[in-house]
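Q: Please take a close look at one buried position in this chain, and then connect it to the rest of the fold. I would like the answer as one continuous account.

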Amino acid sequence: MAYIEPAPLKDRENPFEAMMSRFHVASQILGLEDEIYNVLKNPARQVIVSLPVTMDNGTIKVFEGYRVIHSTILGPSKGGIRFDPNVNLDEVKALAAWMTWKCAVVDIPYGGAKGGVACNPREMSAGEIERLMRAYTQAMADVFGPDQDIPAPDMGTGPREMAWLMDQYSRIQGMTTHAVVTGKPVVLGGSLGRTEATGRGVMVSAMAAMEKLKINPYKALCAVQGFGNVGSWAARLLHERGLIVQAVSDISGAYFNEKGLDIDAAIKYRENNKGSLEGFGGAEKISNEDLLTLPVDLLVPAATEDVITSSNAPNIKAKLIVEGANGPTSSKADNIINEKGIVVVPDILANAGGVTVSYFEWVQNRLGYKWTADRVNRRSDRIMKDAFSNVYKISQQYKVPMRIAAYMVAIDKVAKTYKYRGGY
């Protein structure tokens with residue numbers, strides 16, 4: 001399964017408002033000046049393009065595409081491209097800002113960006129998707145660049161689409177330019193370790209948090225909501241480190257075994273069952289809602305946004321939540337979770353292993369040299385551990401939840417860099 005850089009789906013609460021509510025709280029604690037607050041809350045650049053594409057039946061259909069550069073204060077902007085019917089400018093603006101904070105919190109020299117095209121790739125042929133991606137790349141040729149803006153896969157796109165983007169950009173430049181995009185096939189300059197990157201980052205974050213909370217991983221119970229790329233890798237890696245993974249879930253429902261699931265068997269079953277856990281044996285089928293309220297030590301929401309809400313938050317019994325998905329906890333549920341004393345490792349920290357390995361891919365492309373999978377994993381683990389330690393320290397120092405601490409770390413880094421660079 002190819003790695004896809006994680007990003008939240010369309011947020012029912014409005015992603016920009018959810019992000020801004022946390023950004024505002026963190027900024028107030030930091031005492032951020034109005035000038036810098038206004039600079040950081042507004043995207044640096046917004047591009048909207050019309051993309052005429054010849055469909056297989058000979059007609060020409062016009063699609064609307066977006067690219068939002070939220071910030072280039074720390075370096076070239078970085079963020080995925082999604083092909084989805086619900087793509088709109090407000091959503092892309094929010095996701096671009098999210099990427100700024102995610103890159104800053106793990107100390108990667110990137111700003112944040114995001115892109116998308118309003119289309120339904122499930123109803124399009126491979127040829128139509130290719131022509132659309134090439135048209136989008138052509139329209140964004142002055143936006144993209146290894147030192148300007150580096151896209152990656154997101155919802156509805158993957159390594160295949162990134163290969164087309166790299167090829168089209170290279171044709172425009174008149175030379176092969178691997179570093180213009182990450183998430184490519186390995187044979188085309190992609191990085192080893194990419195597939196498991198996000199799930200591995202979740203595992204590293206969870207192990208670091210359990211150490212702080214003095215939870216013994218060999219006695220810990222775990223539930224993983226979502227069994228796609230992120231959830232399945234997180235479940236497998238946590239299981240390898242001694243945790244008893246009692247429950248996992250996908251769109252077909254949740255599967256529970258009090259003594260622990262055979263994660264490798266579940267992954268193999270899913271791969272041989274058209275990507276679904278439907279009918280998986282050796283487990284009792286329960287609802288996704290029941291999974292979220294199991295009496296476990298560790299809960300990993302790794303599916304979609306807004307699964308922990310003000311409605312179910314009072315019933316959550318986990319001691320620790322590590323967010324594999326983006327936006328799995330609604331902003332309205334934050335206070336309830338905090339009052340219950342549940343520690344949350346937030347999305348902009350916990351799932352940043354994905355963008356970290358995207359950064360490694362870019363570095364390897366610039367060097368013209370491939371790293372081994374062991375080197376990628378070792379360096380990614382170190383970055384994730386350092387980021388966790390930094391956020392945890394701020395959380396303890398200011399007596400704030402880890403989520404606000406993560407925003408504080410990110411905003412402080414970007415704000416200080418802005419001051420050094422200077423505005424005008």
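A: In this predicted model, N377 counts as buried, because its relative accessibility is 12% and the cut-off for buried is under 20%. The residue lies in helix 13, and, once its neighbours within four places in sequence are left aside, N377 is in contact with G193, E196 and R200.

Helix 13 covers residues 373–398, and the loop that separates helix 13 from helix 14 (402–421) holds K399. In contrast to N377, which is buried, K399 counts as exposed, with 73% relative accessibility. The backbone of K399 has a phi near 55°, which is a positive value in a residue other than glycine. Most residues other than glycine have a negative phi. A second lysine can be described in a similar way: K214 has a positive phi of about 60° although it is not a glycine, and it sits in the loop between helix 6 (197–213) and strand 6 (221–225). K214 is also exposed, at a relative accessible area of 75%.

Helix 14, on the other side of the K399 loop, leads into the interior. The largest nonpolar core has 88 residues, and those with the most contacts inside it are L40, W101, V248, L298 and V345; helix 14 gives the most to this core, with 12 residues. Beyond its neighbours within four places in sequence, L40 is in contact with F23, L32, H70, I73, W101, I411, V414 and A415. Another core, of 27 residues, lies apart from the largest one and includes I129, M133, L165 and Y169. In soluble globular proteins, nonpolar side chains tend to be buried together.

The sheet is the next part to consider. An open sheet of 5 strands has the order 1-2-4-3-5, with mixed pairing. Its edge strands are strand 1 (45–54) and strand 5 (149–153), each of which pairs on one side only, and neighbouring strands of the sheet are turned by 25° against each other on average, direction ignored. Within this sheet, strand 2 (residues 60–69) and strand 4 (residues 111–118) run antiparallel and are joined by 5 bridges, with Y66 standing opposite G116 in strand 4. Helix 4 (residues 126–139) lies across strand 1, strand 2, strand 3 (77–84) and strand 4, and runs at about 140° to strand 1.

For the chain taken as a whole, the secondary structure comes to 14 helices and 12 strands. The radius of gyration is 21 Å, close to the 22 Å that the globule rule gives for 424 residues, so the chain is as compact as a globular protein of that length. Along its principal axes the C-alpha trace spans about 55 × 55 × 40 Å. N377 is buried, and of the 424 residues of the chain 59% count as buried, while the accessible surface comes to about 17,100 Å², of which 50% belongs to carbon and sulfur atoms. Finally, among contacts between residues at least 6 apart in sequence, 70% join residues at least 24 apart.

Notes: Residues are numbered from 1 along each chain as its sequence is written. This is a predicted model: local features need pLDDT of at least 70, side-chain atom pairs count only at pLDDT 80 or more; totals for chains, interfaces and linings use all residues. Side-chain values use heavy atoms; hydrogens and water are left out. Two strands pair if DSSP finds at least two bridges between them. Helices (H or I, at least four residues) and strands (E, at least two) are DSSP runs, numbered from the N terminus. Axes are lines fitted to C-alpha atoms, for helices over the stretch in contact, and angles run from 0 to 180 degrees between N-to-C directions. Contact means heavy atoms within 4.5 Å. The radius of gyration is taken over C-alpha atoms; the globule rule is 2.2 Å times the number of residues to the power 0.38. Buried means under 20% relative accessible area, exposed over 50%, partly exposed in between (1.4 Å probe, protein chains only). Accessible areas come from the Shrake-Rupley method with a 1.4 Å probe; for residues, only the protein chains shown count as cover. A nonpolar core is a set of buried Ala, Val, Leu, Ile, Met, Phe, Trp, Tyr and Cys residues joined through side-chain atoms within 4.5 Å.
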